[in-house]
Amino acid sequence: MIDKKSVIIGLIVSTIVLIISLYYVDIKFAAIVAFIGVLIGAIIASYLANKKNQMKVVESALHGILVGIFVGIIQILIIYAKNGFSENIVIILLIGSAVLLGAYIIIGALGGLVGTLINVKFGKSYKRSDMDLMELEDKPEQQ
């Protein structure tokens, strides 16, 4: 099950970092900063989704993949608008979008897995263990 709110929060964080990388960072480092932004957004989305309910690893990676796909689409639209909606740039964007989206999907999946690991390490997983202890305490001893 996909937690839409977590994906949107991760997407907003990634989009902010993307805009900073496109407009304020040197062109040599813009791609690296954009990839780091997708990774951070995917980690945040996966962590928040796992915080609400325990998820499988594949579901956590799916949250990161969704962040990566949406950030890739937003980046393509920003570049298209930045170049004045030129027809020449569309051909380049269509060729580059396959590589860009593929890279963002892989980085998003990796971020989803890292978010799950962070939740396991630092999150409170008292739901199951305390439940078992409480059930044992509530039962009277049988003789």
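Seven residues of this predicted model, namely I8, I12, I16, I19, I20, Y23 and Y24, come together as a nonpolar patch on the surface. Their joint accessible area is about 730 Å². One member, I20, sits in helix α1, which covers residues 4–23. With 39% relative accessibility, I20 counts as partly exposed, because that value lies between the 20% limit for buried and the 50% limit for exposed.

From that patch, here is a friendly walk through the rest of the protein.

**Overall make-up**
- The secondary structure consists of 5 helices and 0 strands.
- Read from the N terminus, the order of elements is α-α-α-α-α.
- Of the 143 residues in the protein, 34% are buried.

**Helix α4**
- Helix α4 takes in residues 87–122, a run of 36 residues.
- From its first C-alpha to its last, α4 reaches 49 Å, which is close to the 52 Å expected at 1.5 Å a residue.
- Look along α4 for a kink of about 35°, centred on G96.

**The aromatic pair**
- The model holds 1 aromatic pair.
- Its partners are F35 and Y104, whose ring centres are 5.4 Å apart.
- The angle between the two planes is 80°, so the arrangement is edge-to-face, for which the angle has to be over 60 degrees.
- This pair links distant parts of the chain, as F35 belongs to helix α2 (residues 27–52) and Y104 to helix α4, with their positions 69 residues apart in the numbering.
- The two partners also have their own burial classes: F35 is partly exposed at 28% relative accessibility, whereas Y104 is buried at 1%.
- Y104 earns the label buried because its 1% falls under the 20% cut-off.

**Buried glycines in α4**
- G108 is placed in helix α4 and is buried, with 0% relative accessibility.
- Between the C-alpha atoms of G108 and A45 there are 9.8 Å in space, while the two residues are 63 apart along the chain.
- G115 is another residue of helix α4, and at 0% relative accessibility G115 is buried.
- For G115 and H63, the C-alpha separation is 9.9 Å and the spacing along the chain is 52 residues.

**An asparagine in α4**
- N119 also has its place in helix α4.
- A relative accessible area of 10% makes N119 buried, since this is under 20%.
- Q54 lies 9.6 Å from N119, C-alpha to C-alpha, although the two are 65 residues apart in sequence.

**Back in helix α1**
- Besides I20, helix α1 contains G10.
- G10 is buried, with a relative accessible area of 0%, whereas I20 is partly exposed.
- The C-alpha atoms of G10 and S46 are 8.4 Å apart, and 36 residues separate the two along the chain.

**To keep in view**
- On the surface, the nonpolar patch includes I8, I12 and I16.
- Within helix α4, the buried residues include Y104, G108, G115 and N119.
- The kink centred on G96 and the edge-to-face pair of F35 and Y104 are two further features to find in the structure above.

Definitions and conventions
Residues numbered from 1 in each chain as written. Predicted model: local features only at pLDDT ≥ 70, side-chain atom pairs only at ≥ 80, totals over all residues. Heavy atoms only, no water. Phe/Tyr/Trp six-rings, centres within 6.5 Å; stacked < 30°, edge-to-face > 60°. Helix = DSSP H or I, 4+ residues; strand = E, 2+ residues; numbered from the N terminus. Buried < 20%, exposed > 50% of the residue type's maximum accessible area, 1.4 Å probe, protein only. Patch = residues over 30% accessible without salt bridge, like charges linked within 9 Å, V, L, I, M, F, W, Y side chains within 5 Å. Areas by Shrake-Rupley, 256 points an atom, 1.4 Å probe, with all protein chains shown as cover. Salt bridge = Lys/Arg side-chain N within 4 Å of Asp/Glu carboxyl O. Expected span 1.5 Å × (residues − 1). Bend = angle between axes of the 7 residues up to and from the residue.
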